[in-house]
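Look at the structure below, then read the short report that follows. The report deals with a chain interface, a sheet and a pair of helices.

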Amino acid sequence: MADGRARCGSETMIAVIEYGMGNQGSIVNALRRIGVPSIVTSTREEIQTATGLVLPGVGSFGKGMANLERAGLVSALEERVLDEGVPILGICLGMQIFGERSEEGGVEGLGWLPAETIRFRLETIGSRIKIPHMGWNGICANGDPLLTGITGEDLFYFAHSYHLTEIDPGHVIGTTEYGYTFPSAVRRANIWGIQCHIERSHGSGLRVLRNFAGLC
Amino acid sequence: MSGSSVPRVCTRCILDTTVPKIRFDSNGVCTFCRIHDELEKNHPLDAEGRQRFEALIDTVKHHGKGREYDCIVGVSGGRDSTYTLYTAVRMGLRPLAVHFDNGWNSDISVSNIKNATEALDVDLYTHVADWEEFKDLQIAFLKASTSDAEVPTDYAILSVLYDVAAKHGVRYILNGHSFRTEGVAPITWTYMDGRYIRAVHEQFGSKRLTTVPIMSLTQLLYYTFIRRIQVINVPEFIEYEHETVNRVLEEELGWRYYGGHHHESVYTEFFQSFLLPTKFGIDKRKLEYSALIRSGQMDRAQALAAVQTPYAYNKEIVEYTIAKLGLSNEEFEAIMRAPVKTFEDYPSYYSLIRASRIPIKIACNLNLLPHVFYEKYLGE
Amino acid sequence: MFRPRVIPCLLLKGDGLVKTIGFDNPRYLGDPINAVRIFNEKEADELIFLNIEASRPRRGLFGRLSRTGIPLDVVVRISRECMMPLTYGGGVRSVDDIRALFGVGVEKVALNTAAVENPGLVTEACDAFGSQSIIASIDARRRPGGEYEVFTHGGTNGTGMDPVSLAVELEARGAGEIIITSVEHDGTMQGYDLELTRRVADSVGIPVIACGGAGSLADLRAGYDDGNASALAAGSLFVYHGRKRAVLISYPSRSELRAVFGGA
């Protein structure tokens, strides 16, 4: 697998992948706020010319994978990400899809990251801890550049019922507490993933986006 | 200001020929310095001045006996109005704070209003203009192509204050205008009267204004002579130094400074930092700094140096303003490119005001109208 | 580190923001976009916009982009300005409506009348878009006997249904959250209907948002402690100030929220 950076900042162009799984607009909006050029795309050509990729995702794992395959984007993405080492950031479901499989529907993911997705193992009836994990929570970061500047004071918006597990600790760059500790930010070479919605997390989210853009 | 000629600058303050029709005396000192001196003469800050202020406060208290409030204070969240409210309460008055919401409040302005009214335990009344109506009026003024784009807000505020005062049987409106730190805006930069505003709206607007009060002359005369409502500019009577005022407000009222003059309103920021300098070549900092120079609060050389750097503006504020007004880029470009006009291109009460010089002077001497009114419209 | 969400719940009528009391007497508050901008600056947790004119056709200058009266033109502008998660409710009747709303950048869609008249829609929507994007919004009135009854169509139409059973059914159909609103408490600023909130919150495993009646930060805390809600929504508390109910937007600071909810 090729390593990190593709091009320098002045030519940054982030392609936000459109595959029918919601909220590309908010990501483009957030990128615009921090002055990073971006496009929403589902074409090979634009994926091939982008210097960075974002895979968003809201909804079910199965539908996400099916949509990605139906759109014929898997090979284009694999080419850019696995062969050419272009940075990619998976957000929420987008991150989970990088894994090998999900409990949700027993579906297989892209397999770029050795990890699985499972539903929160929490007893919710009569408990104050509910599923989905919906609300503002922190990320305990361990120094990866994606999370530069993120401290215990930063809060991010989470909205999910499933999370990553069975993951190599070397690939975990951030964790969050909700009932128990789970991996909320991951990285393998040029593949990053974050569980929360950084496009709707005020300044803290924008900082992470800015960090990612700086890596593209 | 485009063009190759260097503007002629007053030798005492820093107002210059970007003020259309500015005049200088034989020493090169401008009319506005003379106006400042005239106002200073009428509002000495010595023991006699202090006594007069206290007597005035006593009159306000006297007329307010038995009423829920004895005065009305307009609040915007800005320094001047917040300090006026603070002073009123510290002097033992029982004000009703009144805020005019024109749809452009910022986080800082609403926080400041909330914190101040809470800390001072003062009731607040807000008049909310229908946004679609107010937007229509604002766009009308942009299309009129004069430098008075903020006048609708300023005049509506005044109209609301008079209206609320009348409704509550209150005879005193406390304003926060401070000639010592803000100066008196030249009418060629900012002209305000009810007939002018209505005329512009009739020509360029399309919505009926039912929630934006625009006082007519008759109404103003009624309020002033029948209801005997007076406007008192509190800062004229007291020591008013920005740093001290900021500190008091921050420490006692949890007030936050917003950066730049009047930037608690997003539209004001757009207006002062972008529209005025870019389209009209008007830098309002010169007005403020000139006032501070005359009051000994700023050094003239420093002020001259400061205005050499163009007024910094935030592109996001400009984009937000255009989007919020619902203007397309073409419409906005057309507004920016339209030839500059003045209030004299539209109907107004100006000729009537000029013809009424003597009665107005009398009204000011009787404290029915603030002296600054005479100086602004008639002080030459 | 996880504290309950505090959510301004704002009502849309045409192009303007309004506030009601008991779901009635809408009072004009101003431009919704400016309200969003201020809540952004105050870093509000989330925003909920409910369109109270949903069942009636729009008469405004802006054209309707959808037949059911969902003001997509206003929603898209709200969404562009908003830097936190956005929920829209009011007049949502079909999967197409929901898709159109997600298309303009809304994070979550609230189903109210439709969830009662067509519960299959909840299942369909959750399958299509994921549970975390679909909120079941339940309005209820307290009956003389102490029981509660679900009301649809903006609190006007009694259904005879019990909010707890409805909540349980909609959870089973996949709804990701419930908003439970007391019609009588709305706009009164006297506190939530804690009994109603608790009954619903204790019966489901998904987050419940309390709504209707909050008048102080202490009321929010009570909604969490005694109502067992996971999130606290309020309207009047964040748009009115003082004795005269002057329109003024506010939102607690991060430190105020920390003080109220002790922790995070």
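Two residues are in contact if their C-beta atoms, placed from the backbone, lie within 7 Å. This is a predicted model, in which local features need pLDDT of at least 70 and side-chain atom pairs count only at pLDDT 80 or more, while totals for chains, interfaces and linings use all residues. Residues are numbered from 1 along each chain as its sequence is written, and chains are lettered from A and ligands numbered from 1 in the order in which they are written.

Chain C touches chain A through 25 residues, which are in contact with 28 residues of chain A. The table sorts residues by kind: Ala, Val, Leu, Ile, Met, Phe, Trp, Tyr, Cys and Pro count as nonpolar, Asp, Glu, Lys and Arg as charged, and the others, Gly among them, as polar.

| Set of residues | Nonpolar | Polar | Charged |
|---|---|---|---|
| Side of chain C that touches chain A | 10 residues | 8 residues | 7 residues |
| Contact of helix 1 with helix 2 of chain C | 5 residues | 1 residue | 3 residues |

Helices (H or I, at least four residues) and strands (E, at least two) are DSSP runs, numbered from the N terminus. In chain C, helix 1 (residues 32-41) meets helix 2 (residues 72-81); C:Val36 of helix 1 and C:Ile78 of helix 2 are among the residues involved.

Chain A has an open sheet of 8 strands with mixed pairing, in the order 2-1-3-4-13-12-11-8. Two strands pair if DSSP finds at least two bridges between them. Strand 2 (38-41) and strand 8 (140-141) of chain A are the edges, each pairing on one side only. Strand 12 (residues 180-188) and strand 13 (residues 191-194) of chain A run antiparallel and are joined by 4 bridges.

How values were computed: Axes are lines fitted to C-alpha atoms, for helices over the stretch in contact, and angles run from 0 to 180 degrees between N-to-C directions.
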